[in-house]
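User: I am new to reading structures. Could you take me through some features, one at a time?

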Amino acid sequence: MILWIIAAVLAAIILVFTYGPLRRSLVTPHLYALFKRILPAMSDTERDALEAGTTWWDADLFSGRPDWNKFLQIRRPALSVEEQSFMDNEVRQLCEMVDDWEATQVWQGLPAAAWQFARDKGFLGMIIPKMYGGKAFSAYMHSQVVMQLSTRCSALAVQVMVPNSLGPAELLLHYGTDQQKDYYLPRLAKGEEIPCFALTSPYAGSDAAAIPDTGVVCMGRHEGREVLGLRVSWNKRYITLGPIATLLGLAFRVVDPDGLLPVGSTPGITCALIPANHPGVVIGRRHWPLNAVFQNGPTSGKDVFIPMDWIIGGPQKIGKGWRMLMECLAAGRSISLPSASVGTAKLAVRGTSAYCAIRRQFNTAIGKFEGVQEALARMGGNLYMMDAARRLSALAVDLGEKPAVISAIAKYHVTERGRAVVNDGMDILGGKGICMGPSNFLARAYQQIPIAITVEGANILTRCLIIFGQGAIRAHPYVLKEMRSTTESDQRKGLLDFDAAFFGHMRFTCANALRAVWYSLTGGLTASAPDKAPGEMARYYRAVSRLSTCFALMTDMSMFILGGDLKRRERISSRLGDALSMMYLISATLKRYEDEGRQEADAPYVHWSIQDALQKAQLALDGVLQNFPNRFAAAFTRLLVFPFGLPYEAPSDKLGAQVAQAMQTHGDARERLLAGSFLADDLRDPVACGELAFGLLAMVEGIEHRLKPAVKSGKLQPIPQSLPEMERWITDAAAQGVMTPEERRAMSDFARYTDLSVHVDDFPPDLNAAADADQRRRMSAPASPVITPA
């Protein structure tokens with residue numbers, strides 16, 4: 001009898017929850033009311049941030065079942081013929097016009113000729129359509145340009161990057177009136193206007209939604225007429241190109257105390273364009289960010305009157321500025337800083353790997369020491385993955401996406417890995433790395449790498465609040481639908497929408513729980529992989545599929561148990577964001593390997609970077625479980641996802657040695673790793689000297705191996721290290737007839753290039769202060785008048 005009662009109760013419960021009309025009548029209204037009560041209040045700016053941009057591959061990773069076949073069908077990024085020509089000619093010419101040491105030490109800025117060349121050749125209008133005189137380059141091309149310029153000079157990269165990123169041009173393209181576009185875009189494309197965008201305030205940095213700068217709606221005089229406008233007061237800092245800008249993009253908060261705006265208008269954050277020479281605009285002096293010399297500084301204004309038609313998009317865009325900024329940032333953040341960081345990393349890897357191969361200690365190339373190889377492996381593996389993420393993120397923009405979550409992942413993780421690459425490079429270079437001078441190719445990058453960490457959303461903020469906080473709502477298949485249902489004005493529609501979303505969410509969670517158990521019991525071998533994945537890579541696709549299921553399950557567990565409190569549990573949300581990020585980075589790496597034709601020589605980079613990321617992803621999920629406040633839920637979830645312990649291991653020492661060896665081997669694999677970076681044709685450049693010596697290394701090692709018997713027998717002295725002794729040794733070997741003229745030239749050139757590569761600069765006691773000042777005076781003085789005889 002008891003069994004029949006239990007069966008009847010279970011049947012009744014199943015009937016209530018599975019039969020839609022009955023469920024919506026008896027259960028859903030109570031859940032709906034509870035959900036509305038516990039859902040934390042959301043401000044307009046938070047709502048705009050959540051709804052800005054689009055979801056893409058991040059939604060697949062949130063689903064627990066990524067569609068790999070769909071993912072690999074995405075076209076590979078490529079340049080057009082016109083874009084490739086620009087890279088081969090104009091971009092290379094611009095790089096040749098700039099020397100990073102002179103820019104930072106002598107000029108404290110770019111040479112005037114280089115800056116004018118950039119303006120004349122359209123570098124500032126790469127994103128502007130051709131109908132307005134711009135280049136209309138793709139996002140991938142934009143990324144390639146910034147990356148290559150970053151391998152030459154940070155100031156050059158930044159001053160080209162900013163006009164093509166979040167700023168007046170992009171805001172005008174998406175939101176400007178026809179009149180604003182017709183007037184400003186041609187001038188911006190030609191470099192006649194230098195733009196900047198003023199967003200950050202002293203007391204509203206990362207919290208840009210709390211902008212204190214205000215524009216009061218009022219009547220005022222403009223061009224001799226009484227018009228409706230805004231009296232704007234602002235105080236901004238960290239504004240790149242601000243000191244040289246002719247056109248100021250400004251974000252401020254509109255207030256309408258006298259009710260002068262049309263009925264229905266909603267004051268709030270607004271964006272406007274103001275000429276820098278407009279009365280009341282104050283362009284401050286320069287900031288000096290860690291010896292970087294791109295133009296950056298403050299701007300301010302007090303009660304500056306502007307007409308309504310200076311608002312980007314016109315008066316109807318009042319209060320829409322935050323949404324505009326979030327949508328544009330979702331695209332720009334995918335390109336600018338990830339590209340610059342990859343460029344810096346390629347400079348570090350090129351210079352350091354060559355240095356390791358040619359620099360000897362204890363009569364052995366330092367690149368053969370295991371400690372150095374460990375650091376080299378991190379550099380090479382990180383760079384391969386960074387570049388893969390850069391390419392995929394830029395491609396997303398070219399496909400029409402505004403990837404809010406993916407752009408945050410790219411910005412945070414590519415800049416952080418860039419910092420790791422530069423740090424490892426400095427450790428390897430040792431004394432050469434810490435002594436400033438023209439011969440040091442890495443010191444300025446080491447100084448300035450925190451700049452990329454700080455801007456476009458400080459990395460701590462990006463990791464703690466944006467990647468998972470925004471992704472959990474935007475990319476999750478049900479959460480945003482549930483939230484939107486609670487704000488639906490039609491109560492019945494809201495109830496129906498909530499019912500579909502909530503119980504869909506329940507089915508989604510249960511399916512992921514069952515899948516997680518199955519994948520755990522089978523070691524992930526039953527997880528999904530693309531149809532044509534090569535055997536050695538198929539395990540990585542399956543690993544990400546397994547992690548995606550675990551991540552989706554733990555995300556739901558966290559949201560169900562913590563609710564609105566998850567917003568304040570930043571350590572938990574950060575770790576969940578780390579797991580999502582690692583899955584995206586692995587996906588990008590696998591896609592790059594496929595796009596480049598599964599190059600076998602690149603396999604060590606792929607294996608190292610993916611194994612490293614898999615371990616980081618599982619450690620992030622393990623960190624959530626270790627620190628989850630509900631210990632029963634954490635233990636139960638661990639039993640589902642990691643019943644036999646953590647499955648993924650860090651890259652082995654053997655694999656690290658293979659990566660280090662590949663980086664020190666001349667050939668196509670190394671060139672693919674460094675593709676798109678600038679290499680000077682100038683013996684004054686330490687990286688160029690290192691590459692020249694590196695190119696001769698195989699021949700030199702062959703000669704040395706052949707001459708070993710002569711050295712052992714005493715016929716030749718042991719091969720020396722310093723340049724003067726090496727030259728004498730080469731002369732002696734040639735005189736004894738054991739070296740051909742070609743071999744003598746190769747050995748001599750190798751010794752000379754190596755000496756230039758390992759050279760460390762020295763200076764007079766005043767560190768050249770007087771000479772640099774005199775050079776600046778002479779080169780900035782007006783030319784003497786030409787006097788002709790009467």
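Analyst: We will go through aromatic pairs, a charge over a ring, cysteines, a proline, cavities and a pocket. Keep in mind that this is a predicted model.

User: Let us start with aromatic rings. How is a pair described, and how many aromatic pairs does the structure hold?

Analyst: A pair of aromatic rings is described by two things, the distance of the centres and the angle of the planes. This structure holds 17 aromatic pairs. Take Trp-57 and Trp-68 as a case. They form an aromatic pair with 5.2 Å centre to centre and 55 degrees between the planes, and the pair is tilted.

User: Where in the chain do Trp-57 and Trp-68 sit?

Analyst: Trp-57 is in helix α5, residues 57-63, and Trp-68 is in helix α6, residues 68-72. They are 11 residues apart, and the pair links distant parts of the chain.

User: Is Trp-57 buried or exposed? And Trp-68, buried or exposed?

Analyst: Trp-57 has a relative accessible area of 2%, so it is buried. Trp-68 is also at 2%, and it is buried too.

User: Which residues form one aromatic cluster with Trp-57 and Trp-68?

Analyst: Phe-71 and Tyr-541. Together with Trp-57 and Trp-68, they form one aromatic cluster.

User: Give me another pair. Why is the pair of Phe-117 and Phe-123 tilted?

Analyst: Read the angle. The planes of Phe-117 and Phe-123 are at 45 degrees, so the pair is tilted. The ring centres are 6.4 Å apart. Now check the accessibility. Phe-117 is at 13%, so it counts as buried. Phe-123 is at 0% and counts as buried as well.

User: Rings can also face a charge. Which residue lies over the face of Tyr-384?

Analyst: Arg-592 does. Arg-592 is at 4.0 Å from the ring centre of Tyr-384. Remember Arg-592; we will meet this residue again in a cavity lining.

User: Next, cysteines. How many disulfides does a search of the whole structure find?

Analyst: Zero. A disulfide needs two cysteine sulfur atoms within 2.5 Å. With that cut-off in mind, try two cysteines.

User: Why is Cys-153 without a bond to the closest cysteine sulfur?

Analyst: The closest cysteine sulfur is in Cys-95, and the sulfur of Cys-153 is 9.2 Å from it, so the two are too far for a bond. Cys-153 is buried, with a relative accessible area of 1%.

User: And how far is the sulfur of Cys-356 from the closest cysteine sulfur?

Analyst: It is 17 Å, and the closest cysteine sulfur is in Cys-689. That is too far for a bond. Cys-356 counts as buried, at 0% relative accessibility.

User: Now one proline. Where is Pro-403 found?

Analyst: Look at the loop between α16 (370-398) and α17 (404-429); Pro-403 is there. Its relative accessibility is 1%, so Pro-403 counts as buried. Sequence and space can tell two stories. Pro-403 and Ala-331 are 72 residues apart in sequence, and 6.3 Å apart in space, C-alpha to C-alpha.

User: On to empty space. How many cavities of 30 Å³ or more are there?

Analyst: The count comes to two. The largest cavity has a volume of about 90 Å³. Its lining includes Arg-76, Pro-77, Ala-388, Lys-591, Arg-592 and Asp-595. The elements that give two or more residues to this lining are α16 and α24 (570-595). By class, the lining has five nonpolar, no polar and five charged residues.

User: What about the second largest cavity?

Analyst: It holds about 40 Å³ of space. Among the residues that line it are Gly-351, Tyr-355, Lys-432, Phe-441 and Ser-757. α15 (336-358) and α29 each supply at least two residues of the lining. The classes are five nonpolar, three polar and one charged.

User: Last, a pocket. What volume does the second largest pocket have, and which residues lie nearest its centre?

Analyst: The second largest pocket has a volume of about 430 Å³. It is lined by 15 residues, and Arg-360, Asn-363, Glu-704, Lys-708 and Ile-719 lie nearest its centre. Two elements give two or more residues to that lining, β9 (364-365) and α29 (686-712). The largest share, seven residues, comes from α29. By class, the lining has six nonpolar, three polar and six charged residues.

Terms used
Residues are numbered from 1 along each chain as its sequence is written. This is a predicted model: local features need pLDDT of at least 70, side-chain atom pairs count only at pLDDT 80 or more; totals for chains, interfaces and linings use all residues. Side-chain values use heavy atoms; hydrogens and water are left out. On a 1 Å grid over the protein atoms alone, a cavity is a set of points where a 1.4 Å probe fits but cannot get out, and a pocket is an open set with protein on both sides within 12 Å along at least five of seven lines; lining residues have an atom within 4 Å of a point. Grid points are joined across faces, edges and corners, and a volume is the space filled by probe spheres set on the points. Helices (H or I, at least four residues) and strands (E, at least two) are DSSP runs, numbered from the N terminus. Ala, Val, Leu, Ile, Met, Phe, Trp, Tyr, Cys and Pro count as nonpolar, Asp, Glu, Lys and Arg as charged, and the others, Gly among them, as polar. Rings of Phe, Tyr and Trp (its six-membered ring) pair if their centres lie within 6.5 Å; planes under 30 degrees apart count as stacked, over 60 as edge-to-face and the rest as tilted. Buried means under 20% relative accessible area, exposed over 50%, partly exposed in between (1.4 Å probe, protein chains only). A charge sits over a ring if NZ of Lys or CZ of Arg is within 6 Å of the ring centre and within 35 degrees of the ring normal.
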